[in-house]
Amino acid sequence: MEFPNHHRQIVEDLMAGKFMLPNERTYQTVKDNEQSYTYFFKASFNYELRLTQDYAYVVSEESAEMLSRDICIFIALLSYELDRDGKNFLERIQFSEFEMEEIENYFTNSSYIDLILSNKQLKDADARKNFINTLNRRNIIEKTGDNRFVFTSAHKFFVDFATDIVKYENTEKEG
Amino acid sequence: MMKAEPKTILRFLLEHYDVIAELFETQSNEGIIKFEVLNQIVSKHESDIRSQLIEYKILSPVNDNYEIRTVYFNLIEFILSEFKPMLPETIEKYHTSIAELFRKIRENINGDKVTLSQRLNDLAIEVRSFYEMVERNTQSLLQETRELKANVKKIDYREKIVRASRWIDEYIIPLNKILDINHSTSVANKLYEISELSNKYRLNFDDENARIQFEKLYFQLIQVNDNLLRQSKILTNELLPLIERIRTESIILTGWITYLKNPYKRKAPKLLKRKEVSVYSKDTFFNASEIFEQFKNETDVYFEEEENEAEKWIFDKDHYTKKLKDNLPVDNFFSWCNKTLKEDYKKVEIEKFFALTTLAFDEDIEREYGAKPQFDKIKINDLTLTVPKVTINQQSQLIDPNHGIS
């Protein structure tokens with residue numbers, strides 16, 4: 001039985017909950033063998049493979065709900081604060097590098113401070129530093145230095161979620 | 001008939017520009033200048049120029065109110081560059097007027113030269129008006145869009161989505177259609193047709209005057225075409241992406257703000273839960289640190305006291321005393337206890353065992369030990385007890401205190 005190139009790496013990465021990115025060679029292999037991998041993950045683990053032009057990842061019914069929620073809060077707060085600061089938040093998230101100092105400024109001076117303080121993963125600078133490492137392991141950001149990072153295209157997974165909230169609310173209203 | 005000299009009117013406009021600008025602003029906002037508003041403005045500037053405003057035909061009465069005449073309104077609008085975007089339907093009317101003039105020119109090309117000349121002249125005016133209107137509309141849309149982007153008026157995100165969507169659907173897309181040369185019913189396409197005809201007749205037409213007019217029209221159309229192309233590029237390359245981005249950004253921000261209202265009650269998108277942590281994998285360090293990081297942020301955990309649902313066991317002393325007496329003599333009392341309980345219950349709890357051993361203290365029971373203390377080991381569940389070997393007869397006898405259970 002023959003497996004595509006980098007098969008082991010693909011399974012290891014996706015099973016570790018990582019987002020696979022278009023600039024990774026494994027992504028191309030998954031893309032070229034989308035049907036096989038969809039079937040492979042479904043048959044082997046009952047996981048669903050999701051492949052978009054921005055990322056590949058697998059999802060199961062058993063979800064890391066708390067982490068997902070905190071990532072949403074983090075990106076939501078950052079977007080809100082960037083916009084409030086007169087920045088094009090979408091462009092910044094897509095194309096710019098962030099320094100932890102900037103993140104700290106936004107979070108410590110945010111009007112959402114109560115929400116931040118009540119969140120175990122975002123409540124203070126140490127917690128946020130650990131949180132950034134978690135995002136790095138999941139390939140949602142890429143660390144470019146000790147205190148610097150850029151968002152990867154996996155951030156679109158969460159941005160799409162924000163868009164869906166509005167769509168859902170509009171449908172609810174119309175319904 | 002205008003009695004006043006043109007220079008007098010222009011000087012008047014210059015001298016009283018502040019009053020006129022305020023009247024312009026009022027009409028822009030309210031559509032009309034009310035009688036009392038006119039009085040207020042005039043008295044505020046301490047110059048009663050009401051009669052001149054009427055005499056120079058700057059204002060015209062509408063019922064009891066006033067409005068600035070279109071020609072002055074357009075002039076001030078132009079000077080201030082404060083255009084309001086027009087609905088493309090307004091621009092679309094040029095298609096009819098231009099097409100109609102063009103049809104008449106083509107059909108009567110060999111007709112009366114004076115009429116032809118007049119029509120060519122009118123056509124040039126219409127083309128110029130059309131282009132100016134397109135340019136004004138593009139510029140005003142661009143200005144409004146930039147203001148919306150900078151959110152000068154502090155409008156909320158939902159309103160931004162509505163506004164951006166309306167501009168795209170009602171202004172930009174229809175305007176783009178008007179400027180699309182490949183669209184057979186577009187104004188730009190009609191201008192292209194006129195340009196071809198002008199090109200033909202500017203080189204070959206028996207009347208020299210008309211030939212010159214065709215030539216003028218042809219070069220005007222080349223210029224207009226270039227300008228329209230530039231406007232079209234502004235629309236598609238700058239305005240549309242900018243406004244699309246405002247819309248997208250506003251949708252995303254609206255979504256996030258809605259989410260932040262109560263993130264703990266909303267479902268988050270599904271993220272794979274990591275399961276397998278292999279100690280020999282190259283990610284061991286990260287996996288381990290991820291686990292330890294969770295403990296850094298300990299959450300308060302509350303336990304509710306569980307109620308013991310098992311039925312409480314009550315020792316039936318009479319039943320077991322009878323059973324013991326029936327089995328007398330018992331060679332090894334503690335073994336007998338264990339055996340009897342095992343017969344009655346699937347699982348023997350230590351409390352049942354201790355309850356049963358109390359029979360040995362009954363006054364009617366005679367206990368007997370060997371000369372040397374002997375010990376047995378009894379296993380009850382996971383507990384191993386070391387117990388003395390006690391024989392039970394009928395006569396009463398005291399247990400030696402040195403032979404206790406350990």
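These questions and answers walk through a predicted model with chains A and B.

Reader: How many helices and strands does chain B have?
Author: Start with the length of the chain. Chain B has 406 residues, and 40% of them count as buried. Its secondary structure comes to 14 helices and 6 strands.

Reader: What share of the accessible surface of chain B belongs to carbon and sulfur atoms?
Author: The whole accessible surface of chain B is about 25500 Å². Carbon and sulfur atoms hold a share of 51%.

Reader: How many residues does each chain bring to the contact between chain B and chain A?
Author: Take the two sides in turn. Chain B brings 38 residues. Chain A brings 56 residues.

Reader: What area is buried between chain B and chain A?
Author: The size of an interface is often given as the accessible area lost when the parts come together. Here carbon and sulfur atoms give 60% of that area. The total buried between chain B and chain A is about 4500 Å².

Reader: Which residues of chain B lose the most area to chain A?
Author: Three residues stand out on this side. Together they make up 20% of what the chain B side buries. They are B:Trp256, B:Leu271 and B:Leu272.

Reader: Which residue of chain A forms a salt bridge with B:Arg245?
Author: The interface of chain B and chain A holds 2 salt bridges. In the one made by B:Arg245, the closest N and O atoms are 3.2 Å apart. The partner is A:Glu91.

Reader: Which helix gives the most to the side of chain B that touches chain A?
Author: Helices H8 (157-179), H10 (208-261) and H11 (284-296) of chain B each supply at least two residues to that side. One of them gives 13 residues, the most. That helix is H10(B).

Reader: How many residues on the side of chain B that touches chain A are charged?
Author: That side divides into three classes. There are 15 nonpolar residues and 7 polar ones. The charged residues number 16.

Reader: Why does A:Gln121 count as buried?
Author: A:Gln121 is in the loop between helix H7 (113-117) and helix H8 (125-137) of chain A. A residue is buried if its relative accessible area is under 20%. A:Gln121 counts as buried because its relative accessibility is 16%.

Reader: Which side chain does the side chain of A:Gln121 join in a polar contact of 3.0 Å?
Author: Beyond four places in sequence, A:Gln121 is in contact with residues including A:Leu67 and A:Phe131. The partner in the polar contact is itself buried, at 1% relative accessible area. That partner is A:Asp70.

Reader: Which residue meets A:Asp70 in a salt bridge?
Author: The N to O distance in this pair is 3.2 Å. The partner counts as buried, at 18% relative accessibility. The partner is A:Arg69.

Reader: Is A:Asp13 buried or exposed?
Author: A:Asp13 lies in helix H1 (residues 7-15) of chain A. Leaving out residues up to four places away, A:Asp13 touches A:Lys18 and A:Met20. Its relative accessibility is 11%, so A:Asp13 counts as buried.

Reader: How many residues apart are B:Arg106 and B:Glu193, which form a salt bridge?
Author: The closest N and O atoms of this pair are 3.5 Å apart. B:Arg106 is in helix H6 (residues 88-107) of chain B, and B:Glu193 is in helix H9 (residues 187-203). The pair links distant parts of the chain, and the separation is 87 residues.

Terms used: Residues are numbered from 1 along each chain as its sequence is written. Chains are lettered from A and ligands numbered from 1 in the order in which they are written. This is a predicted model: local features need pLDDT of at least 70, side-chain atom pairs count only at pLDDT 80 or more; totals for chains, interfaces and linings use all residues. Side-chain values use heavy atoms; hydrogens and water are left out. Contact means heavy atoms within 4.5 Å. Buried area is the accessible area (1.4 Å probe) that two parts lose on being put together, summed over both. A salt bridge is a side-chain nitrogen of Lys or Arg within 4 Å of a carboxyl oxygen of Asp or Glu. Helices (H or I, at least four residues) and strands (E, at least two) are DSSP runs, numbered from the N terminus. Ala, Val, Leu, Ile, Met, Phe, Trp, Tyr, Cys and Pro count as nonpolar, Asp, Glu, Lys and Arg as charged, and the others, Gly among them, as polar. Buried means under 20% relative accessible area, exposed over 50%, partly exposed in between (1.4 Å probe, protein chains only). A polar contact is a pair of N or O atoms within 3.5 Å; within protein, one must be able to donate a hydrogen and the other to accept it, and residues adjacent in sequence count only if both atoms are side-chain atoms. Accessible areas come from the Shrake-Rupley method with a 1.4 Å probe; for residues, only the protein chains shown count as cover.
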